[in-house]
Amino acid sequence: MNETNHSRVTEFVLLGLSNSQELQPFLFFIFSLLYLTILLGNVLIILTVTSDSRLHTPMYFLLANLSFIDIGVASFATPKMISDLLVGRKTISFDACLAQIFFVHLFTGSEMVLLVSMAYDRYVAICKPLHYMTIMSRRVCIILVFISWLVGFIHTTSQLAFTVNLPFCGPNQVDSFFCDLPLVTKLACTDTYVVSLLIVADSGFLSMSSFLLLVVSYTVILITVRNRSSASMAKARSTLTAHITVVTLFFGPCIFIYVWPFSSYSIDKVLAVFYTIFTPILNPVIYTLRNKEVKAAMSKLKSWYLKPGQVSAVIRNVLFLETK
């Protein structure tokens with residue numbers, strides 16, 4: 001029994017996105033550029049929200065936390081995937097594989113709940129505007145963010161519990177660019193039918209319940225907005241369009257991968273790239289290009305850091321510290 005429970009596999013082989021050696025340098029350049037854009041875009045949003053007092057509101061507080069989670073979603077596997085594009089045999093240790101499983105479900109689970117919190121924030125702002133600052137107090141915002149991380153942690157812990165005790169003694173090739181839980185469990189040297197059902201039920205419950213809550217929330221909000229025609233409602237419609245776009249882009253691939261059981265591995269790879277790379281890069285674009293307040297704050301931040309003499313002052317301070 002002890003020997004069966006002990007994993008004999010010390011590493012997994014990641015088959016990656018493509019077997020074409022000619023395509024590897026091109027993919028390396030593209031995904032390196034995309035990952036750098038993700039980091040710069042989301043860090044810029046966090047800096048903008050924290051530095052401008054006009055953006056110290058519940059909506060932008062939740063947006064800054066969304067950007068932080070998006071950095072995590074993009075970083076749990078993308079740097080490893082980019083480095084693997086330069087090597088022939090793409091391997092990952094057993095412990096690192098479990099770490100990827102832990103972080104992907106931590107960040108995606110937290111993001112699902114945070115998106116529900118952002119929908120609730122918009123519901124209160126549009127349907128109960130006179131009580132908005134009372135209901136969405138700073139304490140409530142912190143609690144909502146804490147709940148999102150707590151749900152993500154509980155979700156990923158339960159997912160990892162299904163995998164960590166499985167016996168891995170033979171095949172070790174994962175047909176993806178990271179350790180995707182459904183693919184890893186299929187490599188276990190035992191019948192994983194029940195485990196696969198539990199994984200789908202766990203991820204499916206969180207994904208579908210969050211998605212249904214979002215659908216109900218935005219339906220109520222859209223009905224409220226449709227019955228009003230003021231200028232403020234036009235701004236609300238613009239914000240809602242951004243939120244609904246983000247929700248669709250994020251939940252679509254997740255639901256298809258973890259809830260729909262008949263998708264092929266090649267389709268799963270494309271969808272995994274979409275929610276781990278393209279969604280984190282699209283969120284800053286969607287929220288900034290359609291938001292005048294954020295664009296104005298970014299322009300102010302840019303003018304402050306790039307104003308005449310500012311760069312030279314920073315350089316002088318750095319040189320002073322080095323020679324001190």
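Which residues does Leu214 touch, not counting residues up to four places away in sequence? In this predicted model, Leu214 is in contact with Leu115, Val116, Ala119, Val247 and Phe251. Leu214 belongs to the largest nonpolar core, which holds 62 residues. Together with Phe31, Leu115 and Phe178, Leu214 touches the most other members of that core. Helix 5 (residues 94–127) supplies the largest share of the core, 11 residues. Apart from this core lies another, made up of 20 residues, including Leu181, Leu187, Ala188 and Ile199.

The packing of helix 7 against helix 9 was examined next. The axes of helix 7 (residues 138–164) and helix 9 (residues 193–226) come within 9 Å and cross at roughly 170 degrees. Because of this crossing angle, helix 7 is roughly antiparallel to helix 9, the cut-off for that class being an angle over 145 degrees. On the side of helix 7, the contact is formed by Val151, His155, Ser158, Gln159 and Phe162. These residues meet Val195, Leu198, Ile199, Asp202, Ser203 and Leu206 of helix 9. By class, the residues of the contact comprise 6 nonpolar, 4 polar and 1 charged. Ile199 thus appears both in this helix contact and in the core of 20 residues.

The structure contains 2 disulfides. In one of them, Cys97 is bonded to Cys179, with 2.1 Å between the sulfur atoms. The torsion about the S-S bond is -125 degrees, and the link of Cys97 and Cys179 is left-handed. Cys97 is located in helix 5, whereas Cys179 is in the loop between strand 3 (173–174) and helix 8 (181–185), so this disulfide ties together parts that lie 82 residues apart in sequence. Both Cys97 and Cys179 are buried.

The other disulfide joins Cys169 and Cys189, whose sulfur atoms are 2.1 Å apart. This disulfide is left-handed, because the torsion about the S-S bond of Cys169 and Cys189 is about -140 degrees. Cys169 is found in the loop between helix 7 and strand 3, and Cys189 in the loop between helix 8 and helix 9, so the parts tied together by this pair are 20 residues apart in sequence. Cys169 is partly exposed, at a relative accessible area of 37%, and Cys189 is likewise partly exposed, at 35% relative accessibility. With the bonded cysteines of the chain numbered in sequence order, the pairing is 1-3, 2-4. A further cysteine, Cys141, has 4% relative accessibility and counts as buried.

Definitions and conventions
Residues are numbered from 1 along each chain as its sequence is written. This is a predicted model: local features need pLDDT of at least 70, side-chain atom pairs count only at pLDDT 80 or more; totals for chains, interfaces and linings use all residues. Side-chain values use heavy atoms; hydrogens and water are left out. A nonpolar core is a set of buried Ala, Val, Leu, Ile, Met, Phe, Trp, Tyr and Cys residues joined through side-chain atoms within 4.5 Å. Buried means under 20% relative accessible area, exposed over 50%, partly exposed in between (1.4 Å probe, protein chains only). Helices (H or I, at least four residues) and strands (E, at least two) are DSSP runs, numbered from the N terminus. Contact means heavy atoms within 4.5 Å. Axes are lines fitted to C-alpha atoms, for helices over the stretch in contact, and angles run from 0 to 180 degrees between N-to-C directions. Angles under 35 degrees count as roughly parallel, over 145 as roughly antiparallel, 65 to 115 as roughly perpendicular and the rest as oblique. Ala, Val, Leu, Ile, Met, Phe, Trp, Tyr, Cys and Pro count as nonpolar, Asp, Glu, Lys and Arg as charged, and the others, Gly among them, as polar. A disulfide is a pair of cysteine sulfur atoms within 2.5 Å.
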